[in-house]
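Hi,

Here is the model I promised you, with my notes underneath. Have it open while you read, and shout if anything is unclear.

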Amino acid sequence: MGHGKLRKFAENETFHCLLQPSAEEVLADGYFNLADHPVKGRWIEQMFGGHEGPIVLELGCGKGEYTLELARRNPDKNYIGVDIKGARLWRGAKTATEEGLCNVAFLRTRIEFITAFFGPDEVSEIWLTFSDPQLRASENKRLSSAMFLERYRHFLRPGGIIHLKTDSRFLFEYTRSVATVNGLPILVETTDLYSDGQGHGTAPSGVRFAHPTIPSERSPRFRAAGGTSLRGSTIPLPAEVREVQTFYETMFLEMGLPITYMEFCPDHDGPYLNPRDPEDFDSAYWRTAEGPRRSLNHQ
Ligand SMILES: C[S@@+](CC[C@H](N)C(=O)[O-])C[C@H]1O[C@@H](n2cnc3c(N)ncnc32)[C@H](O)[C@@H]1O
């Protein structure tokens with residue numbers, strides 16, 4: 001390991017906003033019976049100094065660009081970036097510390113262990129930013145698979161939202177299929193976020209509101225828009241969807257890849273289903289359509 005990384009790991013120990021539980025703590029009773037971490041259900045008191053407000057997660061946050069910028073823009077909410085890589089989290093935690101951001105925390109853990117850290121209804125929204133599409137791996141590794149949705153349901157409040165922003169058409173289409181086969185309302189979707197070039201004043205081409213019947217009390221976005229049917233109308237995307245660009249997004253934009261975006265509500269009774277392949281999601285087709293992402297070696 002290089003000196004730079006060692007220095008970052010040592011500094012990580014000093015950041016109050018960074019929680020780095022050992023895997024042993026979580027796995028004390030085995031992989032199928034994760035031990036609750038003491039912070040579970042107590043993030044507001046233990047990590048946010050009693051600052052009440054909805055909690056928003058960024059899963060696979062890398063250097064935490066979304067976590068940091070959303071926290072700056074929305075001081076009434078609390079943001080937690082989750083990733084396994086200490087050197088990337090160092091960047092986010094260092095910036096949060098230098099800027100004195102009191103509504104930011106970072107959690108170093110495998111997302112597979114996420115239920116050990118959050119109690120029922122503790123989280124309001126989840127951002128999945130440029131998650132690894134896991135093109136060749138088991139779908140259970142995709143952060144929008146039925147297996148992960150099952151985990152998120154332990155702590156996401158009713159009406160909570162999942163945001164997926166990705167260059168990967170494969171992951172976008174996979175996630176759309178997961179939503180469809182489970183009847184989950186897709187609130188917003190676009191296969192080319194920047195295609196209209198008009199900033200955030202109007203919905204870009206490709207955005208549609210697929211489930212206008214979602215009850216208004218289930219979605220703050222719908223409530224803000226008047227809480228009525230939105231068929232045929234457009235509501236502005238939050239500015240941050242276009243204005244905040246992560247490390248990976250910048251790289252993919254430079255490669256000329258379109259960026260996709262989707263918001264869906266995972267409320268669901270009964271077990272989540274994975275899409276059938278190829279009837280619901282033709283993985284072989286979307287794998288071949290993936291483009292340059294396929295050759296990137298960063299999974
Ligand atoms: C492609 S990078 C994207 C990082 C950042 N969101 C961005 O857009 O720049 C994916 C990130 O997810 C993290 N990651 C992937 N699988 C994970 C898992 N199972 N548990 C924790 N972190 C994971 C990786 O460490 C990596 O930082």
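Pro 278 sits in the loop between strand 8 (260–264) and helix 11 (283–288). The bond leading into it is worth a look: the peptide bond from Asp 277 to Pro 278 is cis, with omega near 10°. Helices (H or I, at least four residues) and strands (E, at least two) are DSSP runs, numbered from the N terminus.

Two housekeeping points. Residues are numbered from 1 along each chain as its sequence is written. This is a predicted model, where local features need pLDDT of at least 70 and side-chain atom pairs count only at pLDDT 80 or more, while totals for chains, interfaces and linings use all residues.

Now the sheet. Eight strands form an open sheet in the order 1-4-3-2-5-6-8-7, with mixed pairing. Strand 1 (18–19) and strand 7 stand at the edges with a single partner strand each, so one side of each has no neighbour in the sheet. Two strands count as paired if DSSP finds at least two bridges between them. As a reminder, strands of a sheet pair through backbone hydrogen bonds, either parallel or antiparallel.

At one edge, strand 1 and strand 4 pair in the parallel sense over two bridges, and Leu 18 stands opposite Phe 106 in strand 4. At the other edge, four bridges join strand 7 to strand 8, and these two run antiparallel. Thr 190 is opposite Tyr 261 in strand 8 there.

Is strand 7 enclosed or open to the outside, given how many of its residues are buried? Four of the five residues of strand 7 (residues 186–190) are buried, so it is largely enclosed by the rest of the structure. Buried here means 20 or more other C-beta atoms within 10 Å of the residue's own, exposed means 12 or fewer, and partly exposed is in between, with C-beta atoms placed from the backbone.

Strand 2 (residues 55–59) has five of its five residues buried, so it too is largely enclosed by the rest of the structure. In a regular strand the side chains alternate between the two faces of the sheet. In strand 2 both faces are covered: Ile 55, Leu 57 and Leu 59 are buried on one side, and Val 56 and Glu 58 on the other. Note that Glu 58 is in that buried list.

Its neighbour strand 3 (residues 78–83) pairs with strand 2 in the parallel sense over five bridges. Leu 57 stands opposite Ile 80, and Leu 59 opposite Val 82. Strand 3 is mostly covered, with six of its six residues buried. On one side these are Asn 78, Ile 80 and Val 82, and on the other Tyr 79, Gly 81 and Asp 83.

Next, the ligand. Which residues are the closest to it? The shell has 19 residues, and the closest are Gly 60, Gly 62, Phe 130, Thr 246 and Tyr 248. A residue is near a molecule if its C-beta atom, placed from the backbone, lies within 6 Å of it. Helix 10 (residues 247–254) gives the largest share of the shell, three residues. By type, the shell divides into six nonpolar, six polar and seven charged residues. For that split, Ala, Val, Leu, Ile, Met, Phe, Trp, Tyr, Cys and Pro count as nonpolar, Asp, Glu, Lys and Arg as charged, and the others, Gly among them, as polar.

Phe 130 has another feature: its phi is near 55°, a positive value in a residue other than glycine. Phe 130 lies in the loop between strand 5 and helix 6 (146–152), and it counts as buried because it has 25 C-beta neighbours inside 10 Å. Asp 121 also has a positive phi, near 60°. Asp 121 is in the loop between strand 4 (104–108) and strand 5 (123–129), and with 14 C-beta neighbours inside 10 Å it counts as partly exposed.

One more loop: Pro 258 is between helix 10 and strand 8. Pro 258 is partly exposed, with 17 other C-beta atoms within 10 Å. The C-alpha atoms of Pro 258 and Thr 191 are separated by 7.2 Å, although the two are 67 residues apart along the chain.

Cheers
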